[in-house]
Amino acid sequence: AILGRPLRLDAVQEEACNLRDLGFGTVVITLGAAGVAVADRAGRSYRIEAPAVKAIDSTGAGDAFSGALAACLIAGIGETEAIRRGVEYASETVCRRGAQSSFPLS
């Protein structure tokens, strides 16, 4: 929910496409427990769902996602797989309290 209104995934997906079309390249919008909305350079638009977890604390989840995504891209992992791994890593972090202390080491 945003400001008390339900999150409309179709509207978020459309906004990702609009940003991409303005020249931002691949656009990834994080959606918390709903995963991410992606609009890529190739013109595709899709969502990657987050695994179902028992969330305790979302502190640092966005940082975990961004860091995992960047590390995967630097390692030469393809963009879609890197985004998927970022979602999975962030999902693991919300199962623990704190920010850095919640980041899995492997």
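**A three-stranded sheet and the helices around it**

Let's start with E1 and strand E2 (residues 36-39), which pair in the antiparallel sense over 4 bridges. Two strands count as paired if DSSP finds at least two bridges between them, and the elements themselves are DSSP runs numbered from the N terminus: helices are H or I runs of at least four residues, and strands are E runs of at least two. The model is a predicted one, in which local features need pLDDT of at least 70 and side-chain atom pairs count only at pLDDT 80 or more, while totals for chains, interfaces and linings use all residues. Residues are numbered from 1 along each chain as its sequence is written, and side-chain values use heavy atoms, with hydrogens and water left out.

Within this first pairing, Val28 has Val38 of E2 as its bridge partner, and Thr30 has Val36. The hairpin of E1 and E2 has 5 residues between the strands, and there Gly32 takes a positive phi near 60°. On its other side, E2 pairs with E3, again in the antiparallel sense and over 4 bridges; here Val36 stands opposite Ile48. This hairpin also has 5 residues between its strands, with Gly43 at a positive phi near 90°.

Put together, the strands form an open sheet of 3 in the order E1-E2-E3, with antiparallel pairing. Strand E1 (27-30) and strand E3 (45-48) are at the edges with a single partner strand each, so one side of each has no neighbour in the sheet. From one strand to the next, the twist averages 20°. Helix H1 (residues 9-24) packs on this sheet, where it touches E1, E2 and E3, and its direction makes about 35° with that of E2. Such angles run from 0 to 180 degrees between N-to-C directions, with axes fitted as lines to C-alpha atoms, for helices over the stretch in contact.

Now look at H1 itself. Val12, Gln13, Ala16, Cys17 and Arg20 are buried, that is, under 20% relative accessible area; exposed means over 50%, and partly exposed is in between (1.4 Å probe, protein chains only). These buried residues cover an arc of only 145° around the axis, which puts them on the same side of H1; the arc is taken from the directions between the helix axis and the C-beta atoms. Their cover includes E1, E2 and E3. The face turned away carries the exposed residues Glu14, Asp21 and Leu22. After H1 comes Gly25, with a positive phi near 70°.

E2 has buried residues pointing both ways: Val36 and Val38 go one way, Ala37 and Ala39 the other. Val36 and Val38 belong to the largest nonpolar core, which has 12 residues in all, including Tyr46, Phe65 and Ile83. Such a core is a set of buried Ala, Val, Leu, Ile, Met, Phe, Trp, Tyr and Cys residues joined through side-chain atoms within 4.5 Å. E2, E3, helix H2 (61-74) and helix H3 (79-93) each give two or more residues to this core, and H3 gives the most, with 4.

Finally, visit Asp40, in the loop between E2 and E3. Asp40 is buried, at a relative accessible area of 1%. Its side chain makes a polar contact of 2.5 Å with that of Arg44, and a polar atom of the Asp40 side chain lies 3.1 Å from the backbone nitrogen of Ala42. A polar contact is a pair of N or O atoms within 3.5 Å; within protein, one must be able to donate a hydrogen and the other to accept it, and residues adjacent in sequence count only if both atoms are side-chain atoms.

Methods: Contact means heavy atoms within 4.5 Å.
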